[in-house]
Amino acid sequence: MTATDRALDLTRIAAQAASDKLGEDIVAYDVSERLAITDVFLIVTAKNERQVSAVVDGIEERLLRDGVKPTRREGDREARWVLLDYLDVVVHVQHAEERALYALERLWRDCPQVELNLDSVPAEGVATLGE
């Protein structure tokens, strides 16, 4: 079993939104074979708390344009590690220190990495997901 096309589309849109807000070290893993709760983990680094919040807001605003809202948002009070749960995709926006400390990549390195194509995906004009 692999991630659904919808999950991959959401992941790429969220990744581009994170990149547009200067998120760094953006990586996604197809965790569908290991977890029943989601298809993809998207991990993004931000340099400080303000940037964590900006990246999270950018992702939420972009996906909301396509009618997609997170079912859960955690960690936004401290803005050190914010989790956005879109069911098909779970987005982790982490302060650089949290990213280094928790090293989520180590946990999921055996899972296939999702190609994000950030250079080729325009920030605007991505097809809507409601089709």
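Strand 2 and strand 5 pair in the parallel sense over seven bridges, where pairing requires that DSSP finds at least two bridges between two strands. The model is predicted, so local features need pLDDT of at least 70 and side-chain atom pairs count only at pLDDT 80 or more, while totals for chains, interfaces and linings use all residues. Residues are numbered from 1 along each chain as its sequence is written, and side-chain values use heavy atoms, with hydrogens and water left out. Helices (H or I, at least four residues) and strands (E, at least two) are DSSP runs, numbered from the N terminus.

**The sheet**

- Five strands form an open sheet of mixed pairing, in the order 1-2-5-4-3.
- Strand 1 (24-30) and strand 3 (72-74) each have a single partner strand and stand at the edges, so one side of each is left without a neighbour in the sheet.
- From one strand to the next, the twist averages 10 degrees; axes are lines fitted to C-alpha atoms, for helices over the stretch in contact, and angles run from 0 to 180 degrees between N-to-C directions.
- Strand 3 runs antiparallel to strand 4 (residues 81-85), and three bridges join them; Arg73 has Leu84 as its bridge partner in strand 4.

**The helices on the sheet**

- Helix 1 (residues 5-20) packs on the sheet and touches strand 1, strand 2 (40-46) and strand 5 (89-95); contact means heavy atoms within 4.5 Å.
- The direction of helix 1 makes about 5 degrees with that of strand 2.
- Helix 2 (residues 49-65) also packs on the sheet, where it touches strand 2, strand 3, strand 4 and strand 5, and its direction makes about 160 degrees with that of strand 5.
- Buried residues of helix 2 include Val52, Val55, Ile59 and Leu63; buried means under 20% relative accessible area, exposed over 50% and partly exposed in between (1.4 Å probe, protein chains only).
- The N-terminal end of helix 2 is capped by Asn48, with a side-chain oxygen 3.2 Å from the backbone nitrogen of Arg50.
- Gly67, just after helix 2, takes a positive phi of about 80 degrees.

**Strand 5 and its neighbours**

- Seven of the seven residues of strand 5 are buried.
- Val89, Val91, Val93 and His95 point one way from strand 5, whereas Val90, His92 and Gln94 point the other way.
- On the strand 2 side, Val44 has Val93 as its bridge partner in strand 5.
- Strand 4 pairs with strand 5 in the antiparallel sense over five bridges, and Leu83 has His92 as its bridge partner in strand 5.
- These two strands, 4 and 5, form a hairpin with three residues between them, and Leu87 in the turn has a positive phi of about 65 degrees.

**The nonpolar cores**

- Of the 30 residues in the largest nonpolar core, Val40, Leu42, Ile59, Leu63, Val91 and Val93 touch the most other members; a nonpolar core is a set of buried Ala, Val, Leu, Ile, Met, Phe, Trp, Tyr and Cys residues joined through side-chain atoms within 4.5 Å.
- Helix 1, strand 1, strand 2, helix 2, strand 4 and strand 5 each supply at least two residues of this core, and helix 1 gives the most, with eight residues.
- A second, separate core of 10 residues includes Val27, Tyr29, Phe41 and Leu104.

**Ala7 in helix 1**

- Ala7 is found in helix 1 and counts as buried, at 0% relative accessibility.
- Leaving out residues up to four places away in sequence, Ala7 touches Asp39, Val40, Asp88 and Val89.

Note on methods:
A polar contact is a pair of N or O atoms within 3.5 Å; within protein, one must be able to donate a hydrogen and the other to accept it, and residues adjacent in sequence count only if both atoms are side-chain atoms.
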